[in-house]
Amino acid sequence: MLALPLAGCSAGGGTDDAAGGSASPSAGTPPSASPTPSVDPAAYRRTLTAALGPLTGALRAVDRAREGGALNKALEEAADKADASAEALEGARTPDNAGAGNSQLASALRGLGRDLRSAHGDGGRCATSPRVQLGTAASPGDVKEAGRALTALGYDATVRLPRTEKAKHRRLGNGAFVRDGSRGGLGRLTINNGTGTDAVVTLTRGERTAFSVYVRGGDNATVQSVNSGSYTVYFTTGEDWDGGKRSFTRECSFQKFDDTADFRTVRVAGGTQYTVLSFTLNKVIGGNATTSEVPPGQFPS
């Protein structure tokens, strides 16, 4: 009887041991952290409401305020609220689809704060209405655009901005009197306005205004019956004449002629001699009249 070799059994045993034994850990990618959960849209909506609510109330106060001190105060308070709203949004966590829109709105609100402060009127001469200033500013449009983008995604970011006004272009007729005292002399004054803007020329005697006349740009006007006397000649140029303030509201300048205008009436043989003067508001070749700037507050009304 032959004995069979056992090598095969030994090989098989080795295979069984490998299958039944424990495997050593192999190198691999460590487990990743779970992603940060997205911000709940409802929570972000509450953030928007809290950030924009105080600003909405302040802008309504601007809308209701009358021009002057009340409007200036409302503008300052609304500017502060716009800054606070921007700061709140800059620190807010947002849903994935609202990040860009949130940043856009915060930036627009920063601009609105600056424009609200810039619109603050000083109430003096040549003072553009704050509502006109806001009407030409870029930030209100930026706020609307950013608000619409977020609202379209389901996040109400509507900001109800105050009413604005378009720039006006009010003018009087050429030669119209803004103010006219008693005139009964024989003197005659002609004003040539070769500038590109309208002007109002005012003659004063001492502290009293004798008359003020409107002369459109590129035109001339003549005032008859000027009384004898020595007058200081002031003139202001600009755009958009506000009759209530007796001043232009944009691009203003205030000047006076350094020499006085002297009108005399004397009797001579065979009649009467009287003064006829001509003033040109623009620089001309050969002109000999010099002018000086006048502080707006010292310009006669």
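**Close-up 1. Three aromatic residues gather in a cluster.** Ring pairs join Y214, W241 and F248 to one another as a cluster. Please keep in mind, here and in every view below, that this is a predicted model. The cluster is a good place to start on the aromatic residues, since a search through the whole structure turns up 10 aromatic pairs. Two further pairs have close-ups of their own below.

**Close-up 2. F177 and F211 meet edge-to-face.** The two rings form an aromatic pair, with 6.3 Å from centre to centre and 85 degrees between their planes. F177 belongs to strand β1 and F211 to strand β4, so this pair ties together parts that lie 34 residues apart in sequence. Are the two partners buried or exposed? F177 has 34% relative accessibility and therefore counts as partly exposed, while F211 is buried, with a relative accessible area of 1%.

**Close-up 3. Y234 and F299 form another edge-to-face pair.** Here the ring centres are 5.7 Å apart and the planes stand at 75 degrees, so the pair is edge-to-face. Y234 sits in strand β6 (residues 229-242), whereas F299 sits in the segment after β12 (291-293), so the pair ties together parts 65 residues apart in sequence. Both Y234 and F299 are buried.

**Close-up 4. Strand β4 has pairing partners in β1 and β3.** Take a look at β4, which spans residues 208-215 and is mostly covered, with 7 of its 8 residues buried. Strand β1 (residues 177-180) pairs with β4 in the antiparallel sense over 3 bridges. To find this pairing in the structure, look for R179, whose bridge partner in β4 is S212. Strand β3 (residues 198-205) also pairs with β4 in the antiparallel sense, over 7 bridges. A199 can serve as a landmark for this second pairing, as its bridge partner in β4 is V215.

**Close-up 5. A hairpin turn joins β3 and β4.** How many residues lie between β3 and β4 in their hairpin? There are 2 residues between the strands, and G206 in the turn has a positive phi of about 65 degrees. R205 is also worth finding: R205 lies over the face of Y231, at 5.4 Å from the ring centre.

**Close-up 6. Three strands make an open sheet.** Which order do the strands of this sheet follow? The order is β5-β2-β11, and the pairing is mixed. Its edge strands are β5 (219-226) and β11 (276-280), each of which pairs on one side only. On average, and with direction ignored, neighbouring strands of this sheet are turned by 15 degrees against each other. Strand β2 (residues 187-193) pairs with β11 in the parallel sense over 5 bridges. Here you can look for N192, whose bridge partner in β11 is T280. When following side chains along such strands, it helps to know that in a regular strand they alternate between the two faces of the sheet.

**Close-up 7. A cavity has W241 and F299 in its lining.** Rolling a probe the size of a water molecule over the atoms shows where empty space is left. Searching the whole structure finds 1 cavity of 30 Å³ or more. The largest cavity holds about 80 Å³ of space. Its lining is made of 13 residues, and those nearest its centre are V200, W241, R246, F299 and P300. Which strands each supply at least two residues of the lining? They are β3, β6 and β7 (247-257). Two of the lining residues should look familiar: W241 belongs to the aromatic cluster, and F299 is the ring partner of Y234.

Notes. Residues numbered from 1 in each chain as written. Predicted model: local features only at pLDDT ≥ 70, side-chain atom pairs only at ≥ 80, totals over all residues. Heavy atoms only, no water. Pairing = 2+ DSSP bridges. Helix = DSSP H or I, 4+ residues; strand = E, 2+ residues; numbered from the N terminus. Axes fitted to C-alpha atoms, helices over the stretch in contact; angles between N-to-C directions. Buried < 20%, exposed > 50% of the residue type's maximum accessible area, 1.4 Å probe, protein only. Phe/Tyr/Trp six-rings, centres within 6.5 Å; stacked < 30°, edge-to-face > 60°. Lys NZ or Arg CZ within 6 Å of the ring centre and 35° of its normal. 1 Å grid on protein atoms, 1.4 Å probe; cavity = no way out; pocket = protein on both sides within 12 Å on 5 of 7 lines; lining within 4 Å. Points joined across faces, edges and corners; volume = space filled by probe spheres on them.
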